[in-house]
Amino acid sequence: MRHCKLPGILAATLGAATSCVFAGQQVTPIVLEGDSIAGVGAVNFINNIAVNNDGHWFVEVDTDFSNTDEDVVLLDPNGVFLREGFGGLSAPPGVIIDSFDSVTLNDLGIGGFNHFIDPLPGDQDSGVYLGTTLAIQESDISTSPDFSAGTVYTGFLDVKINDNNDLLVVASVDDPAISSTTDRALVIVSGATETVIAKEGDVPPGQTEAVTDFGTGPHQSAFNDMGDVFYFVDLGGATSTDDGVLYLNSTIIAQEGSPSPVAGRNYEFLSSRGIGLNNNGSTVFKANLTGDSADDEVIIVDGAVFKREGEAPPVPGSFALTSFGTGSGPVHISDNGRVLWYGDWDDPNADVDTGLFLDDQLLVQEGVTTVGGVVVDAISSGADAFFISDNGEWVIFEATLVGGVDGAFLINVQNPADLDGDGDVDGADLAALLSQWGGPGTADLNGDGVVNGADLAQLLAAWTG
């Protein structure tokens with residue numbers, strides 16, 4: 001049995017190391033409902049989460065502080081990083097944070113944010129920040145030649161950061177050349193340079209209709225260290241057949257009304273569904289297909305079906321996947337090509353029928369996984385539910401324990417073939433697998449209930465020596 005050493009601000013709150021292990025993975029509670037934040041109060045619930053390659057994390061929490069203008073804080077392993085109702089921002093002079101919106105984190109430990117700020121007029125009260133440095137403020141005039149002269153930023157809906165400290169901004173603007181009052185655009189901010197990736201009114205490659213909007217949720221655009229942008233665009237024209245498109249830069253990845261990888265089944269809905277992109281340019285997204293509703297939800301990786309509703313989940317038993325959680329919820333792909341996803345299946349026992357998976361490795365299962373001896377009662381699948389570091393070594397997720405305690409939890413991912421947990425897949429792991437041959441055990445890498453040749457093949461594929 002492994003043990004979890006609690007980091008940072010929570011060690012004093014939760015005490016000594018607690019046993020919290022499932023499927024070979026160390027699950028560490030980093031923030032729990034009820035935890036005391038010095039000078040602020042007790043945690044009420046979890047909002048945004050992020051983690052990077054070093055296991056450094058951000059968790060935004062709401063507390064019971066009596067002044068509701070000062071009760072939300074952004075935590076990192078050292079304590080309170082930023083707090084609602086307080087300063088800490090470089091500009092404009094004297095501003096305080098009114099509320100947090102986007103919370104993202106790169107591998108340099110720098111955050112990319114969209115904050116609402118006070119005390120300012122309503123047309124100037126939000127800004128995009130690189131760490132605590134202001135990058136763009138609402139009411140700023142864009143410097144990009146891709147907009148018409150005098151184009152003003154009127155709001156920000158989402159922000160992503162990469163390891164070059166570039167920011168991808170889903171922005172609202174007022175471009176004099178576009179007839180509507182509020183116009184949408186995807187803009188990369190790199191230092192003082194602003195580059196428009198796409199904007200309302202453009203006719204994208206391969207289309208005849210113009211852009212009317214973009215996906216504005218936290219998982220409807222993605223940004224990597226190469227500067228690639230994966231995003232959803234809404235076109236004019238027919239609204240139920242072909243108006244939603246996923247683009248990787250200027251290349252169509254999928255389009256509503258067009259064929260999917262499933263023979264005879266077109267993409268029906270791509271809107272309001274999670275997408276992801278890694279630093280090698282691999283894409284992952286959730287989609288709905290035309291046809292039978294029993295198998296019309298899919299996860300697609302690099303143009304091929306990764307998981308499909310109706311197929312067997314990677315858990316023991318004769319079950320079928322019934323959903324991939326909230327449509328707009330996340331799906332992620334790490335740089336080593338592993339996919340972090342949420343699955344729900346048709347186990348008659350509805351208390352154990354959802355899990356968080358990394359490829360076919362079950363990391364967390366409701367009703368089964370325990371943290372400090374307390375069973376995980378529910379795994380979140382909504383907008384801020386889970387995240388994986390680029391290198392695939394760290395997973396952060398939100399869940400509720402039995403008793404109704406909400407929390408953010410961290411997993412330092414172990415390769416499932418590393419059976420002895422020493423960081424290598426080698427002869428010791430091979431010996432452990434052979435000792436379990438023909439029966440159940442920890443060497444059952446594919447979860448089919450028996451250790452056999454399929455598990456051996458998986459171990460050899462992961463061999464490091």
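Which residues does Thr195 touch, not counting residues up to four places away in sequence? They are Ser144, Asp146, Leu186, Val187 and Ile188. The model is predicted. The points below cover this residue, the nonpolar cores, the largest pocket and one open sheet.

**Thr195**
- Thr195 sits in strand E15, which spans residues 193-199.
- Its relative accessible area is 34%, so Thr195 counts as partly exposed, a class that lies between the cut-offs of under 20% for buried and over 50% for exposed.
- Asp146, one of the residues that Thr195 touches, is 49 residues away along the chain. The C-alpha atoms of Thr195 and Asp146 are nonetheless separated by 7.2 Å.

**Nonpolar cores**
- The largest nonpolar core holds 21 residues. Leu340, Leu356, Val364, Val395, Phe397, Phe409 and Ile411 touch the most other members.
- At least two residues of this core come from each of E2 (25-32), E28 (339-345), E29 (354-358), E30 (361-365), E32 (374-379), E33 (386-388), E34 (394-401) and E35 (405-412).
- Strand E34 gives the largest share of this core, 4 residues.
- Another core, of 17 residues, lies apart from the largest one. Among its members are Val31, Ile37, Val40 and Val73.
- Val395 touches Leu340, Leu356, Leu363, Phe387, Ile388, Phe409, Leu410, Ile411 and Val413, leaving aside residues up to four places away in sequence.
- In soluble globular proteins, nonpolar side chains tend to be buried together.

**Largest pocket**
- The largest pocket has a volume of about 710 Å³.
- Its lining comprises 44 residues. Thr104, Lys160, Pro218, His332 and Phe387 lie nearest the centre.
- By class, the lining has 20 nonpolar, 16 polar and 8 charged residues.
- Two or more lining residues come from each of strands E4 (41-51), E8 (96-105), E12 (152-161), E17 (221-223), E22 (275-277), E27 (332-333) and E33.
- Phe387 appears in two settings: Val395 touches Phe387, and Phe387 is also among the lining residues nearest the pocket centre.

**Open sheet**
- Five strands form an open sheet, in the order E3-E4-E5-E6-E7, with antiparallel pairing.
- Strands E3 (36-37) and E7 (79-83) are the edges, and each pairs on one side only.
- Strand E6 (residues 72-76) pairs with E7 over 4 bridges, in the antiparallel sense.
- Val73 stands opposite Arg83 of E7. Val73 also belongs to the core of 17 residues.
- Strand E4 of this sheet also gives residues to the pocket lining.

Terms used
Residues numbered from 1 in each chain as written. Predicted model: local features only at pLDDT ≥ 70, side-chain atom pairs only at ≥ 80, totals over all residues. Heavy atoms only, no water. Core = buried A, V, L, I, M, F, W, Y, C linked by side-chain atoms within 4.5 Å. Buried < 20%, exposed > 50% of the residue type's maximum accessible area, 1.4 Å probe, protein only. Contact = heavy atoms within 4.5 Å. 1 Å grid on protein atoms, 1.4 Å probe; cavity = no way out; pocket = protein on both sides within 12 Å on 5 of 7 lines; lining within 4 Å. Points joined across faces, edges and corners; volume = space filled by probe spheres on them. Nonpolar A, V, L, I, M, F, W, Y, C, P; charged D, E, K, R; others polar. Pairing = 2+ DSSP bridges.
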